[in-house]
Amino acid sequence: MWRSTSLFIQISILFAFAFASFLAVALFYVKIQPGLESIKQYNVIVGAIGKMRQYHASMDGIRSFLEEENFREVPITDSIREKIKDEQPPHAGSFSVSIIQDGNDIFIALRTMQDFIVYQDPIAFNWTKYHMITLIGALILVVIYITLMKRLMPLNHIKQEIATMANANEIRPITSGAKNYDEIGELVRVFNNSVAKLNAVSEARTLFLRSIMHELKTPITKGRIVAEMVVDDKQKQRLCGVFERLNALIDEFAKIEQLASKNYMTKKTQIPLYDIVLEAMRMLLIDPSNQDNIVFTHHNDLVKADFQLFTLCIKNLLDNGIKYSTDSKVYVEAVGKDLIIKNHGEPLKLNVNEYFKPYFKDIKNPLSQGFGLGMYIVKTTLDTQNFGLQYSYENGYNVFTIKNCIVENFCVLA
């Protein structure tokens with residue numbers, strides 16, 4: 001529980017404990033120290049009187065000494081008499097010197113066989129320095145606490161900035177604490193340097209992708225023109241289909257670049273699932289009249305999605321399903337509000353999230369073709385439309401489920 005508590009709360013608790021401990025010790029010290037110092041002062045006086053007695057000082061001489069030390073004779077109270085009632089008086093011709101403490105008051109008592117005289121220093125004990133020490137100590141602790149919390153405050157601002165980045169789904173430099181010359185500032189600067197490198201890599205990829213699209217447009221267009229000149233209609237149709245597919249790939253790359261740069265504006269409409277699968281087949285150059293590779297029965301369901309993005313997603317799922325199935329078939333079906341695309345084959349060897357990474361290549365399958373963008377495109381297009389994607393392996397089938405995309409089952413087509 002302590003490890004999961006906020007750092008600021010932990011510091012506050014530790015400071016409160018330290019502050020309370022300091023006050024307890026200070027109050028205890030203030031309570032007993034004045035008495036100890038008074039006793040010490042009176043012991044010095046009594047020690048001096050003892051030295052004087054060694055030189056046969058008289059009672060009058062000792063009384064004069066006490067008066068010179070600012071001690072004054074005070075009346076004897078009943079409480080003082082009570083404290084010495086059990087003591088034996090000195091012998092004739094001698095006297096005794098003792099210290100008597102009555103509550104917070106301390107006295108020096110001179111006794112002979114006949115007399116009992118009590119002296120006290122009338123100067124009140126100076127408590128000011130102890131109060132000042134306690135106050136200064138408390139102020140120092142408070143200043144340390146405020147300074148420490150102020151130095152750590154950028155952590156809270158950094159947390160808020162990172163949370164804002166997460167909500168906005170973007171990475172940008174952190175401004176809080178960037179100018180500090182402590183560990184927090186060092187951490188922010190290292191983070192910002194990493195962000196700059198990541199942004200540079202992202203910009204380089206975007207530039208590379210745009211350059212490829214630009215450079216491929218011209219030869220594809222020329223090839224399409226040349227294909228139109230072919231005399232054989234069957235060959236002409238095939239060549240034109242290939243160049244149309246290449247042109248569609250360029251458009252797909254453009255959509256990927258827009259998704260990666262957060263510039264794509266989704267537009268959801270209600271679309272027959274059949275139209276989406278048919279368009280995906282066209283993109284895969286699969287003849288709709290020969291659908292041996294795709295088993296699709298729920299033709300009349302309605303999907304509410306962005307047509308282009310959702311078709312791109314289905315196209316990649318169908319492509320992977322056919323490519324990695326053991327029977328070259330992929331099955332498309334709707335269950336309630338969910339769309340299921342599955343194929344018969346071996347289960348995924350890695351966690352499904354690994355396949356969602358861009359440019360993923362399965363090191364366990366070095367002969368795999370492609371750039372490793374298929375599942376990344378699937379996940380990105382679905383995330384953009386706020387659709388969830390789940391993977392499971394059931395009864396020998398790899399099952400990919402797109403959640404809550406069906407808005408109506410078995411609708412009647414116009």
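Let's start with contacts across the chain: among those in the protein with a separation of 6 or more, 62% are between residues 24 or more positions apart. Do keep in mind, everyone, that this is a predicted model. The protein has 414 residues, and 34% of them are buried. On the secondary structure side, there are 10 helices and 12 strands. The protein exposes about 26100 Å², with carbon and sulfur atoms supplying 58% of that area.

Now, let's go inside. The largest nonpolar core has 35 residues, and the ones touching the most other members are Ile 294, Phe 310, Ile 314, Leu 318, Leu 339 and Ile 402. Which helix gives this core its largest share? That would be helix 8, with six residues. There is also a second, separate core of 15 residues, and Ile 49, Met 59, Phe 95 and Val 97 are among them.

Let me stay with Phe 310 for a moment. If we leave aside neighbours within four places in sequence, Phe 310 is in contact with Ile 276, Val 303, Ala 305, Leu 339, Leu 382, Gln 385, Phe 387, Ile 402 and Cys 405. Please hold on to two of those names, Val 303 and Ala 305, as they will come back when we reach the strands.

Before that, one more residue from helix 8, which covers residues 307–323: Lys 315. Is this lysine buried or exposed? Lys 315 counts as buried, because its relative accessibility is 6% and the cut-off for buried is under 20%. Around Lys 315, again not counting residues up to four places away in sequence, we find contacts with Arg 245, Glu 252, Ala 280, Met 283 and Leu 284.

On to the strands, then. Strand 7 runs over residues 302–306 and is mostly covered, with four of its five residues buried. Which strands does strand 7 pair with? One partner is strand 5, residues 268–272, which is antiparallel to strand 7 and joined to it by five bridges. Here Ala 305 of strand 7 stands opposite Thr 269. Another partner is strand 12, residues 406–408, also running antiparallel, with two bridges to strand 7. In this pairing, Val 303 has Ile 406 of strand 12 as its bridge partner. And as promised, Val 303 and Ala 305 are both among the contacts of Phe 310. A general reminder goes well here: side chains in a regular strand alternate between the two faces of the sheet.

Next, the charged pairs. How many salt bridges are there? The count comes to six, and I'll walk you through some of them.

Glu 73 and Arg 63 meet through their side chains, with 3.0 Å from N to O. The pair links distant parts of the chain, as Glu 73 sits in strand 1 (residues 72–73) and Arg 63 in helix 2 (residues 59–68), 10 residues apart. Glu 73 counts as partly exposed because its relative accessible area is 46%. Arg 63 is partly exposed too, at 24% relative accessibility.

Another salt bridge joins the side chains of Glu 354 and Lys 357, at 3.1 Å from N to O. Glu 354 is partly exposed, at 31% relative accessibility, and so is Lys 357, with a relative accessible area of 43%.

Then we have Lys 379 with Asp 383, whose closest N and O atoms are 2.9 Å apart. These two share helix 10 (residues 374–384) and are four residues apart, about one turn of the helix. In general, an α-helix has 3.6 residues a turn, so residues three or four places apart point the same way. Lys 379 is partly exposed, with a relative accessible area of 22%, and Asp 383 is partly exposed at 41%.

While we are in helix 10, its buried residues are Gly 374, Met 375, Ile 377, Val 378, Thr 380, Thr 381 and Leu 382. Leu 382 may ring a bell as one of the contacts of Phe 310. Following helix 10 comes Asn 386, with a positive phi near 65 degrees.

Last stop, the surface. Met 132, Leu 135, Ile 136, Leu 139, Ile 140 and Ile 144 form a nonpolar patch there, together offering about 560 Å² of accessible area. One of them, Leu 135, belongs to helix 4, residues 128–168. Leu 135 counts as partly exposed, because its relative accessibility is 46%.

How values were computed
Residues are numbered from 1 along each chain as its sequence is written. This is a predicted model: local features need pLDDT of at least 70, side-chain atom pairs count only at pLDDT 80 or more; totals for chains, interfaces and linings use all residues. Side-chain values use heavy atoms; hydrogens and water are left out. Patches are made of residues with over 30% relative accessible area and no salt bridge: like charges are joined within 9 Å, nonpolar side chains (Val, Leu, Ile, Met, Phe, Trp, Tyr) within 5 Å. Accessible areas come from the Shrake-Rupley method with a 1.4 Å probe; for residues, only the protein chains shown count as cover. A salt bridge is a side-chain nitrogen of Lys or Arg within 4 Å of a carboxyl oxygen of Asp or Glu. Buried means under 20% relative accessible area, exposed over 50%, partly exposed in between (1.4 Å probe, protein chains only). Contact means heavy atoms within 4.5 Å. A nonpolar core is a set of buried Ala, Val, Leu, Ile, Met, Phe, Trp, Tyr and Cys residues joined through side-chain atoms within 4.5 Å. Two strands pair if DSSP finds at least two bridges between them.
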